[in-house]
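Please open the structure in your viewer and keep the selection tool at hand, as the tour below moves from one selection to the next.

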Amino acid sequence: MAAQEGQAVGRHERRQHQASRSDRAASAGITLVGPARGTQVGRTMQPAKAGATRAPQASGTRTAQGGATRARQGRATRARHAARGGLGMWAGRVARAVEQAQVWWAEGAERVAARARERWNEQASAQRTTARQPTATAGRSGTDGRAASGRFRADDDLAAHRFGTYNPFTDDPSTVQRFRDNNGAELTGRPTAPRHLAAEGRRASWWEDLVTGWCSLLLVLGLYLDGWSHGNGVDGGLTPWHGVLFLGFSVTAAWILTRNQRRGAWSLRAVPAGYRLALVGVGLAMVAVAGDTVWHTLVGGTHGLGRLISPFHLVLFTGACLLVSSALRAAWSGPSPARVPGLRVFWPVVLSTTLVVAMTAFFFQHVSPVAAALVPGGVPSGETAQVYELLGLLAHNLLFVAPVLLLLLRWQTPLGTFTVMAGSVALLLATQTGLGLIGLAGAAVLGGAAADVAVTLLRPSPQRRWAARAVAVIAPAVYWTSHFALLGAGYGVRWEPEIWLGSVVWACLSGLTLALLMWPPAVPLTAWNRGRAATRRSATPTPMPARMVGR
């Protein structure tokens, strides 16, 4: 592009050799000539006439040098302004590009999610259609062979469900569905399992969870036998009951550590889902045993309440709880439905939960009304004893209601679950007083039965939160009313009506409070979305490639 003298034409005007072109032209006797504004003629250098060239060189040279200096100053000033405008322009372009990229990313993610939802809906509908076809075919044909094979297949599926080895994404033939590729051709394949079922091959079976529960039972029995021996005057050193406790812990830990492992190649990834936290419990127990040995060496033996709340004993209790609750965690994270067909299928969960509650109740045995109910009758100061009894009642009521609400969050428990749980815990606590208060275990059985009946009739679920809260009120009311009735009829300990009725109401209110905490009201969807910009959805989304769906 040609330009007039002293006019900046672009970034090249900043360069040193371009800025001195007018000086070189003036010294060579050449005049820079540019076209008129708006023309496309290039810059040319034409030699001046001989007469003009032979003009007085002194004045011509000074005039050319002055014009070149002014041109350089003007070009430098305009170059600085042009540089500032260039940075702002590029910053705006980058900002607009980032905004456009964010919009494209949001639209792409929305399209992928929509396509994934459509794919899962197609799979579910195809699975329901395929599942109905064998039944209709068998009904039309009426052949005994097909009916018998159907019965055998149903029995196999029931056994697989019962023993925890059934995988709907690998064992159910109805999950073999048809998909279409980009060209519309049908493809046969299996649906991709959801992310939370990716570790299905490393899950423990039903009988493995059951064996874990029975090994844990040996641990808890050793704990209660050790407590009984100390209550009968056996103090100091290791006792045979310590051996039962340590044997139960060692057997449970060895059973968990050897699940799904190959000889000589132990791997953490092979540990079944729900059992890995038990490894932390084993580590805590080893630290607690070593620390307790040093503690007794430095401080000496502990007696009474100090034996229960010793720091290293509490660490050992935490590790044992992580070990005992392995079957509960494995079943909680498994693919089993919320509806349980019967108590036998649910037995590993019942056993694991009962043992965890029993271990916790062992550390509160001094305030438990099941193990210390005779204290108020033998104390002259009745008001102080009644306050002591009320606090113990509330603590034990928490141990009774909390596992009920916890299991209802995951399952619709079968009939008999809470009866076995409450009765077993009360029976174990009664052993700490020489079975002198074993009759009070009947009140626990009645309270657990009331919880089972309420669950069967009300059917609590995430959509029926009021039912869970009703169970948390009904079960304590039946439990503690029958407790005070048995206490007065069988042991001669009678409370004033306002005292025991107030205690029952307190238990019901504490159960309702716990239910409101564990089953809170639903949070409105707009609570966490208020103030966020709504994402625009296109009316006709662009079809996405099949390989991008599910990423």
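What follows is a walk through several sites of this model, which is a predicted one.

**Stop one: salt bridges in helix 4**

Begin by selecting helix 4, residues 57-141, and show the side chains of E107 and R111, which form a salt bridge whose closest N and O atoms lie 3.8 Å apart. Because R111 and E107 are four residues apart in this helix, about one helical turn separates them. R111 counts as partly exposed at 22% relative accessibility, and E107 is likewise classed as partly exposed, at 29%.

Next, add R115 and E118, which also lie in helix 4 and are three residues apart, about one turn of the helix. Their side chains meet in a salt bridge with an N to O distance of 3.6 Å. Now include E122, which forms a salt bridge with R115, the closest N and O atoms here being 3.9 Å apart. Through salt bridges that share partners, R115, E118 and E122 are joined into one network. As for their surroundings, R115 has a relative accessible area of 30% and is partly exposed, E118 is partly exposed at 43%, and E122 is partly exposed at 45%. In general, side chains of opposite charge can pair when their charged atoms come close. How many salt bridges does a search of the whole structure find? The search finds four.

**Stop two: a buried aspartate in helix 6**

Move on to helix 6, residues 206-231, and select D226. Is D226 buried or exposed? With a relative accessible area of 10%, D226 falls under the 20% limit and therefore counts as buried. If neighbours within four places in sequence are set aside, the residues in contact with D226 are T239, W241 and H242, and these can be displayed as sticks around the aspartate.

**Stop three: helices 7 and 8**

Select helix 7, residues 240-257, together with helix 8; the two pack at an angle of about 140°, and their axes are 10 Å apart. The crossing of helix 7 past helix 8 is left-handed. From helix 7, the residues that make the contact are F249, A253, I256 and L257, while helix 8 contributes A278, L279, G281, V282 and A285.

**Stop four: a nonpolar surface patch**

Stay in this region of the chain and follow helix 8, residues 276-298, into the loop that leads to helix 9, residues 305-308, where V299 is found. V299 has a relative accessibility of 55%, which is over the 50% limit, so this valine counts as exposed. Select V294, W295 and L298 along with V299, and display the surface, since these residues make a nonpolar patch of about 400 Å².

**Stop five: a buried leucine in helix 13**

Finish at helix 13, residues 382-410, by selecting L407. L407 is buried, its relative accessible area being 0%. Which residues does L407 touch, not counting those up to four places away in sequence? They are L328, F346, V349, T353, T413, T417, F418 and M421, and colouring them separately from the helix will help in viewing the site. A last selection, W332, can be added for a distance: W332 and L407 are 75 residues apart along the chain, and their C-alpha atoms are separated by 9.1 Å.

Note on methods:
Residues numbered from 1 in each chain as written. Predicted model: local features only at pLDDT ≥ 70, side-chain atom pairs only at ≥ 80, totals over all residues. Heavy atoms only, no water. Patch = residues over 30% accessible without salt bridge, like charges linked within 9 Å, V, L, I, M, F, W, Y side chains within 5 Å. Areas by Shrake-Rupley, 256 points an atom, 1.4 Å probe, with all protein chains shown as cover. Buried < 20%, exposed > 50% of the residue type's maximum accessible area, 1.4 Å probe, protein only. Axes fitted to C-alpha atoms, helices over the stretch in contact; angles between N-to-C directions. Left-handed = near helix turned anticlockwise from the far one by under 90°. Contact = heavy atoms within 4.5 Å.
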